[in-house]
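Let's work through a few exercises on this one together. Take a look at the chain, then try each task before reading its solution.

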Amino acid sequence: MVVTYNKQIEDRKYKTAMFPTIEILDGDLATPQGSVYTSLGFDPFTPSNKLNYSTFNITDNLTYFLGQHTFTLGLSYEHFTSNNLFFPVSNGLYVYNSISDFKEAALAYKNDPTNPVSPVNVEKYNLRYSLLPGGAEPWQKLNVATYSFYIQDEFQVNEQFKLTAGVRGDIFAYDNGTATDFYNPIVGAMTFKDEDGKDYKVNTGAFPKSRLLISPRIGFNYDLKGDKNTQFRGGSGFFVSRIPQVLVSNQLGNNGVNTAVINVTDVNYPFRVSPSELPAGIIPTSTDISSLAPYVVNATDSDLKYPMIWKTDIAVDQRLPWGLVATGEFIYNKTLQGLRYIDANLKAPDRNFTGPDTRDRFPASGVASSGTGANNTVAQARFYNPQVSNVFVLKNTTKGSSYTATFKLEKTVSKGFGGMVAYTYGMAKDIQSVGSTVQANIPSVGGQNYLGTSYADNDIRHRISGYASYRFEYGNKIGGSTTISLGMVSTSGSKISYTYPTSGGGNDLNGDGQNNDLLYVPNRASDLLFSPIAASSTFAGATPEEQQAAFDAYIEGNDYLKTRRGQYAERNGGYFPWLTRFDLTVVQEFTVKVGAKEKRNTIQLRADILNVGNLINDKWGVSYQATTTAPLSVASINAQGQPLYRLATQTQSDGSVTLLKDSFIKSATIDNVWQMQVGIRYIFGN
C-alpha cells in the first residue's frame, strides 16, 4: 500500500501597494479606436490571484502468480482540493487617448487626491468588484474524488509470445457542496440553445454528474523466432485523461453571483491608485444580481465526461548486421470523449454574405450599436437572453483523431560509436484544442457553435531527428576520454491560421462577436471588392486595383494559400518553412585512479554549441516569422451584403512601407544564432 499527500501554493502578488493598469493610445477623442501606444502599472491578472491545491492518494496493489499468468489487482482513492482566487482587473484599468491626457489626469490626482472628477475623459474604465457580503474575495473551492479499480493478466503464452490484457474503471465525483452557493436563479430560469439548436438549460450551481468510465486494453509482444532478432509488439485500448480542473472550477468565478464588472467608455472618472479611493457612486453598493449589467457566464454540461481516446499501436523491431536495429511503428488515436466549448446564448446565423464568399452571417452583423446593457441593440440581436452576454459551456465531442508513422534506424553503442536517425510523419485533427478556461475565438468559418474538424494546434507533419556519438578512451592509471556528439532535428513548420485581424473595428466579419473568421482565398483577387488606402506620412496609398494585384502576388508566393483558391483557409492549415538545426557537444574527461582500490576520480569539461550550423554559416538554422497572418482587413460591408477589404502593408528592411509582399521573413532574435555553454565538474570515485 502506498499513501501520498502533496500540497502546492502558487500565489501571485506584487511587492508594492495596489496600482491600476494603464493603457495609453496613440489617438485622441476624435479617433477613439487608436492602437495602444504603451502600457504601465500592474498587469490586470495578478492582483488577488492566488492558488493552492492538494492531493491525497491511497493505492493498494496485489500481485498473484498462477502458472503462466501474473495477475495484478488494484484499488486507488484520490481526493483533490483546489482553492483558487482569480479576480482580474480588481485593480482597475484606465485607457487614455494620449500621453498628455494621462499626465493631466495623474497631475490632477497628485494635486488634489479627493477631486471627484477628472479634467480629461477616460476613453475606457474597467473594474471587477465583489458582490459577496463585505466585499469578500471570491474564492473558488473545488473538491474532486476519484475512485479507481483495475485488473490485469500478463499471460506468458510461450517463450516467444506474451499477451497482456486488463480493464480499468474510474469514477470521478465532484462535490456539489462547493458549487451550490454559486447558483444563479436568473440564469437558471433562462432558456438557451445547444450546438444543435435544441433548448438548453444552464445550472451554475452544479458540477458534472459522477460517471463510471471503463477502459479495457490489450497488448502483446511476439519474438518471431525466439532469437530476439525480430520482434512484433503492439496493443489497443481506451485511455482516460484528466480534465484541467480550472476548466470546471471556472464556473465558480464567472456566474453573476460573486463578482460584477464596471465597463464604461468616455467618462470623467478620476485617476486613483486603488479602487477603494474612488468617489462614492462609481462602484455600486447594491449586490442585487437582477440589476447587473450583462456578464459572461461559464458552466459545465451536466453530462460532461473526462477525455477518453482509443489508442492503437503496432510496431516491429528488426536486428540487422553491424549492430543496427530497424524499427517501424504506427500509432492511431481516435477521440471518444474530447472537450469543446459552445456559446449557448449565441443566436444562430440568419442569412449569408453575397459575392464569392457566401459564409453564414449572424443576426448582429451590420447592426448599429445603441442603448446600454440588456437594451443594447447589438446584444439584443446577438443573444437569446441579452440580460447576460456569452454563456460558455464546456461539453464533450467525439470528433478528432491523430496518427503517426515512425521509421527509425539505430546503431547500438559498440567500440565507442553509436547513433540514430528517425523520420516521423503525422497528422492530428480536432474541432478545438482546448487550452484555456474559455477558448471562444477558435479560428472558424461558421462560428463557435459550428466547428468542423481541422488541424490541431500540435499537428506537425514531418520530423527528422538523429544523432551520432563517438567516445574514445586512452591511458590506464592516468588517462581520460573524449566524447563528440552531433544531434539534429529537422521539422516542417508549425501551423498558422489565416484570419481577418483580431483587433480594430469591423473585423468580426460574420457578426458572432468574435474576431476569429478564417480568410476566404479568392480564385482571383479581382473577385473581391477593395476600398482605397489613403496616403499617409509613411505610405503613398493604394487603389483597389493595386491592392488586387498585390494580393494575387502574395497568394501565389504562399505555398499554402495558393492551394486554397476559391476556398476558405483552414484552421492551422498554413505552415512556416522547414527548420533544420544541429547541436554539437564535446565532453573531455581527465581521470586518475587513486587509493588502494584505485577508484577513478574525474575532471569533466563540457562544451555545448547550440545551433552549431549557424556558427559555420549565418544563414543556417535561422527560423522565420510571419509578416502577418491577417493579410486582409474588413473595411466595410455594402448594402448588398458584400464585404470590402483593405490589403495589409509591410515595412521593408530599408524602412519603406509597401503593400504586403512576403509571407515570411527571417527572424532576428537571440534564438536564431548559435550559442555556446561550457561547464566543469569533478566526479569523485566513480
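Contact here means heavy atoms within 4.5 Å. This is a predicted model, where local features need pLDDT of at least 70, side-chain atom pairs count only at pLDDT 80 or more, and totals for chains, interfaces and linings use all residues. Residues are numbered from 1 along each chain as its sequence is written, and side-chain values use heavy atoms, with hydrogens and water left out.

**Exercise 1. Get an overview of the protein chain.**

Step 1: start with the elements. The protein chain has six helices and 39 strands (DSSP runs, H or I of at least four residues for helices and E of at least two for strands, numbered from the N terminus).

Step 2: look at contacts. Of those between residues at least 6 apart in sequence, 73% join residues at least 24 apart.

Step 3: check burial. Of the 686 residues, 44% are buried (under 20% relative accessible area; exposed is over 50%, partly exposed in between, with a 1.4 Å probe and protein chains only).

**Exercise 2. Find the residues at the heart of the largest nonpolar core.**

Step 1: know what to look for. A nonpolar core is a set of buried Ala, Val, Leu, Ile, Met, Phe, Trp, Tyr and Cys residues joined through side-chain atoms within 4.5 Å.

Step 2: pick out the best-connected members. The largest core has 36 residues, and Tyr96, Phe192, Val202 and Phe271 touch the most other members.

Step 3: see who contributes. Elements giving at least two residues each include helix 1 (99–111) and strand 14 (259–267), while strand 7 brings the largest share, four residues.

Step 4: zoom in on Phe271. Beyond its neighbours within four places in sequence, its contacts include Phe19, Tyr94, Tyr96 and Phe102.

Step 5: don't stop there. A second, separate core has 31 residues, among them Phe576 and Phe664.

**Exercise 3. Check the length of helix 5, then find its packing partners.**

Step 1: do the sum. The expected span is 1.5 Å times one less than the number of residues, so the 13 residues of helix 5 (544–556) should span 18 Å.

Step 2: compare. The end C-alpha atoms are 19 Å apart, which agrees.

Step 3: list what's hidden. The buried residues of helix 5 include Gln547, Phe551 and Tyr554.

Step 4: find the partners. The buried residues of helix 5 pack against several strands, including strand 34 (632–637) and strand 35 (643–647).

**Exercise 4. Is Ile171 buried or partly exposed?**

Step 1: locate Ile171, which sits in strand 9 (161–174).

Step 2: read its relative accessible area. The value is 31%, so Ile171 is partly exposed.
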